[in-house]
Amino acid sequence: MKTLIKIHYEGDKNMGLTTSLLKEREIRKEVNLCDDKGRLLKDSIVWAKNPVVNCNVTRNWLRKKKWNYWCITNEECLFSVTISNIDYAGMIFAYFLDYKSGLFIEKTVIAPFGKGCEMPNRVNESVSFENNQLSLNFIQEKDGTKITASCNDFNGFEMNADFKVTHPKGHETLNVVIPWDEKHFQFTSKHQCLPVTGNLTVGNKTYDLSSKKTFGCLDFGRGIWPYKVTWNWGSASGIQNGKVIGLNLGGQWTDGTGMTENAIVIDGKLTKISEDLKFIYDKNNYMNTWEIKSTVTDRIDLSFIPFYERIAKTDLKIVRSEVHQVIGYYYGSIQDKNGVTYEIKDLLGWVEDHYGQW
């Protein structure tokens, strides 16, 4: 096995890992993200267990980045759909993986300058995109999100999806504002362990998305980004010893900002992890085992063993990105806010290494 490369580390002069617990401010009432000039409001540098931030991102032509990403997983397959608008372009995509057969399909549509990608300011609002290549609808309902997707040429197959992601009453989510400076910032809302009902058809095979082990994950993002950025993101949802457990783990992009996107969810109750994480992995072979650990305490001590690597590259000259997203299983231990430790074994999820020039 090749030597693991530790890609970020304590002592980095620009964005070093913090070696003490962070003092992150939690709120419960609604707050605006920006002022009328599109600058970050100091009072919005917060986190919350519900999506109370109004993402009134404005001005900053060509710098605004907005997306709604959904990923559905169960024991048979993974299905993901995204509507995004990064000002230069709208990027709309769907991808699918059948674990047993290894069949992977990805469809991407580029909409110049985001035409047809109107992104709402709040998490619990509907968003849609439709053209002759791909149709996606994320329709907000009283108790969840209705998602439909269709594509006549999904790598030679016809694809249709129709399912409901339920938002259980009292279910807590991670909502956090990451501040680089008053002109560069991001609000992210990450939702794990959401129940799903419905089905997905790819070609002549239909996948049941209604089992108790099917979960939805939302990544909602709105902000003003630097031109170049790198990040790690890990996520998982599943059942461990009768408990429904979710993970949201982030690195690089938040390091040194005083805020993190790190949290665990146990039976719908969220524990905020107010410390940076170390992501240790082999950039020459992403299929080798990853290690993800908290930097101050032992609250996160995980290994991740991949079984599939998704590689997505975009090169539109001024807009470039490269994503290595590996699908696999988490092992190790996590600790909640009450000091209870949970052993993790065969918890399905993913982790990614992403470089963006946008």
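**Backbone outliers and cavities**

Me: Where does Phe113 lie in this model?
Reply: In this predicted model, Phe113 sits in the loop between strand 8 (104-112) and strand 9 (127-130).

Me: What is phi there?
Reply: Phi of Phe113 is near 55 degrees, which is positive in a residue other than glycine.

Me: Is Phe113 buried or exposed, and why?
Reply: Phe113 counts as exposed because its relative accessibility is 58%, and the cut-off for exposed is over 50%.

Me: And Cys193, what is its phi?
Reply: Near 65 degrees, again a positive value in a residue other than glycine. Cys193 belongs to strand 14 (residues 184-202).

Me: Buried or exposed for Cys193?
Reply: Cys193 has 4% relative accessibility, so it counts as buried.

Me: Switching to voids. How many cavities of 30 Å³ or more?
Reply: The structure has 2 of that size. The largest has a volume of about 70 Å³, and the second largest holds about 50 Å³.

Me: What lines the largest cavity?
Reply: Its lining includes Asn68, Trp70, Glu125, Phe138, His167 and His191. Strand 5 (64-73) and strand 10 (135-141) each give at least two residues to that lining. By class, the lining of the largest cavity has 5 nonpolar, 6 polar and 1 charged.

Me: How does the lining of the second largest cavity divide?
Reply: Into 6 nonpolar, 6 polar and no charged. Among the residues lining the second largest cavity are Cys71, Gln192, Phe215, Ser235 and Trp350.

Me: Which elements give two or more residues to that second lining?
Reply: Strand 5, strand 16 (215-224), strand 17 (228-240) and strand 25 (341-357).

Technical notes. Residues are numbered from 1 along each chain as its sequence is written. This is a predicted model: local features need pLDDT of at least 70, side-chain atom pairs count only at pLDDT 80 or more; totals for chains, interfaces and linings use all residues. Side-chain values use heavy atoms; hydrogens and water are left out. On a 1 Å grid over the protein atoms alone, a cavity is a set of points where a 1.4 Å probe fits but cannot get out, and a pocket is an open set with protein on both sides within 12 Å along at least five of seven lines; lining residues have an atom within 4 Å of a point. Grid points are joined across faces, edges and corners, and a volume is the space filled by probe spheres set on the points. Helices (H or I, at least four residues) and strands (E, at least two) are DSSP runs, numbered from the N terminus. Ala, Val, Leu, Ile, Met, Phe, Trp, Tyr, Cys and Pro count as nonpolar, Asp, Glu, Lys and Arg as charged, and the others, Gly among them, as polar. Buried means under 20% relative accessible area, exposed over 50%, partly exposed in between (1.4 Å probe, protein chains only).
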